[in-house]
Amino acid sequence: MTLRFRSAKPDEAQMLLLARDPHVISATQKAAKGLKRRPPLLVQEGRDVLAHLFSSGEPPSQIVCQASAAGPSWPALVATASDPFGQTKMVVIGDPSQSGGADSQIPPGLTWSTAEPVSLARALQQAALIRAQVPTDNPQDLAVGLHRGEITVRYQPVVRIADRRLVLLEGLARWQRPDDTPLSPDAFVPLAERNGLGRALSIAVARRAFTELAGTPGRIGASLALNLPLAVLVERDVLVWLRELLEATRFPPSALVLELTETSPVLDRPALRRALERLRGAGFPVLVDDMEINDNRGWLLSLPFSGIKLDRMLVSALPTRRRARAEVQRLVKLAHASRMTVTAEGVSNARLWQAVAAAGVDHAQGYAIARPLPALALPAWHSAWQAHLTRR
């Protein structure tokens, strides 16, 4: 398999510089000038860098970080900026006045450089090389990846519109290939479901999420939502393996929510109803994912679901299309009549937030709140989000 690379456009977003040493600051400015890039934006605290990373706007393309300047934000900063599924690349500069500590523990996914303009320019060019996705159509590749534990999870927060409080973290599958090629769900989830690997994938995601968040949901006050395809949701032993994983990881069962994905048509409605009743009786609410305009699954609202989620394309049409607004209002009315919550996906800006709020939607999810984040970044995001609420 041949890997393909492309260079990131250097001016797609601002470069950030987190440093206090004048020598580091000067070297970074010279390196940027030599690469014909805009001067970096100098920030003084690690939490200021995180604020840029968590912002709903375009994230910084690159960060130059003097590790000793990051302070307590170092773990969250590393987790976010070294994420192969993120858009930001970080170059770390070791502090010549220190030995050991954060500077000696630069994790994979980051680029290291000395504080010299030539070395730093070379590191910035190297970090700007983005590895393109190389999907596979071979289910055996995915089966091997599942066996090796290559499936990882990112978490996207969902907040209540009424008070902007965090209510849910949706666990989203990612595949990190051995060659470091990061694959998004569209590149492998359909492959899994077409080839009888949906159950193995669901178990892999659940195990990873339960392990990573065993203590986090209580700490930041959110439940975890996991996607299950129809074929897995209706299996009679779904409760068996869920309970086994919950017990093994000590993840609180009361903090688990399930989402029915939209990929497969429902051919056996009674079987789905029985499955939902079993899950609800066991204390696991189930949401319907990705309701669209003219969705032929409207009859699902007559089943014992706990909520529905509106597809991002439907949400994005709200400000400009009367038909979309009428459809959302209809779905909200039907859902609320059955005591279901309504979540809008793809809320990426203030205009969409206002549109879904006006339509009576309960919860919002999207870049206006947060991008999908690694588990280690969640507490820092939550602190920043709460600080934002306090300033409102």
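Let's start in a loop: Arg164 sits between strand 8 (151-160) and strand 9 (166-176). This is a predicted model, and in it Arg164 has a positive phi of about 65°, although it is not a glycine. A second arginine deserves a look too. Arg250 is found in the loop between helix 10 (238-249) and strand 12 (256-260), and it has a positive phi of about 60°, again without being a glycine. Here are the two side by side.

| Residue | Loop | Phi |
|---|---|---|
| Arg164 | between strand 8 (151-160) and strand 9 (166-176) | about 65° |
| Arg250 | between helix 10 (238-249) and strand 12 (256-260) | about 60° |

**The open sheet**

Now to the strands. Strands of a sheet pair through backbone hydrogen bonds, either parallel or antiparallel. Here, five strands make up an open sheet with parallel pairing, and their order is 3-2-4-5-6. At the edges are strand 3 (41-43) and strand 6 (111-113), each of which pairs on one side only. From one strand to the next, the twist averages 25°.

Within this sheet, you can follow one pair in detail. Strand 4 (residues 62-66) and strand 5 (residues 89-93) run parallel and are joined by five bridges. If you would like a residue to find on screen, try Val64, whose bridge partner in strand 5 is Val91.

**Helix 2 against helix 3**

Two packed helices are described by the angle between their axes and the distance between the axes. For helix 2 and helix 3 (residues 74-81), the axes come within 10 Å and cross at roughly 35°. The crossing of helix 2 and helix 3 is left-handed. On the helix 2 side, the contact is made by Val49, Leu50, Leu53 and Phe54, while helix 3 brings in Ala76, Leu77 and Thr80. By class, the residues of this contact are six nonpolar and one polar, with no charged residue.

**The second largest pocket**

Phe54 of helix 2, which takes part in the contact with helix 3, leads us on to a pocket. The second largest pocket holds about 540 Å³ of space. Its lining counts 22 residues, and those closest to the centre are Phe54, Ala384, Trp385, His388 and Arg391.

Which helices each supply at least two residues of the lining? They are helix 2 (46-54), helix 14 (350-358) and helix 15 (378-391). Helix 15 gives the largest share of the lining, with eight residues. Sorted by class, the lining of this pocket has 12 nonpolar, six polar and four charged residues.

Definitions and conventions: Residues are numbered from 1 along each chain as its sequence is written. This is a predicted model: local features need pLDDT of at least 70, side-chain atom pairs count only at pLDDT 80 or more; totals for chains, interfaces and linings use all residues. Side-chain values use heavy atoms; hydrogens and water are left out. On a 1 Å grid over the protein atoms alone, a cavity is a set of points where a 1.4 Å probe fits but cannot get out, and a pocket is an open set with protein on both sides within 12 Å along at least five of seven lines; lining residues have an atom within 4 Å of a point. Grid points are joined across faces, edges and corners, and a volume is the space filled by probe spheres set on the points. Helices (H or I, at least four residues) and strands (E, at least two) are DSSP runs, numbered from the N terminus. Ala, Val, Leu, Ile, Met, Phe, Trp, Tyr, Cys and Pro count as nonpolar, Asp, Glu, Lys and Arg as charged, and the others, Gly among them, as polar. Two strands pair if DSSP finds at least two bridges between them. Axes are lines fitted to C-alpha atoms, for helices over the stretch in contact, and angles run from 0 to 180 degrees between N-to-C directions. A crossing is left-handed if the near helix is turned anticlockwise from the far one by less than a right angle, and right-handed if clockwise. Contact means heavy atoms within 4.5 Å.
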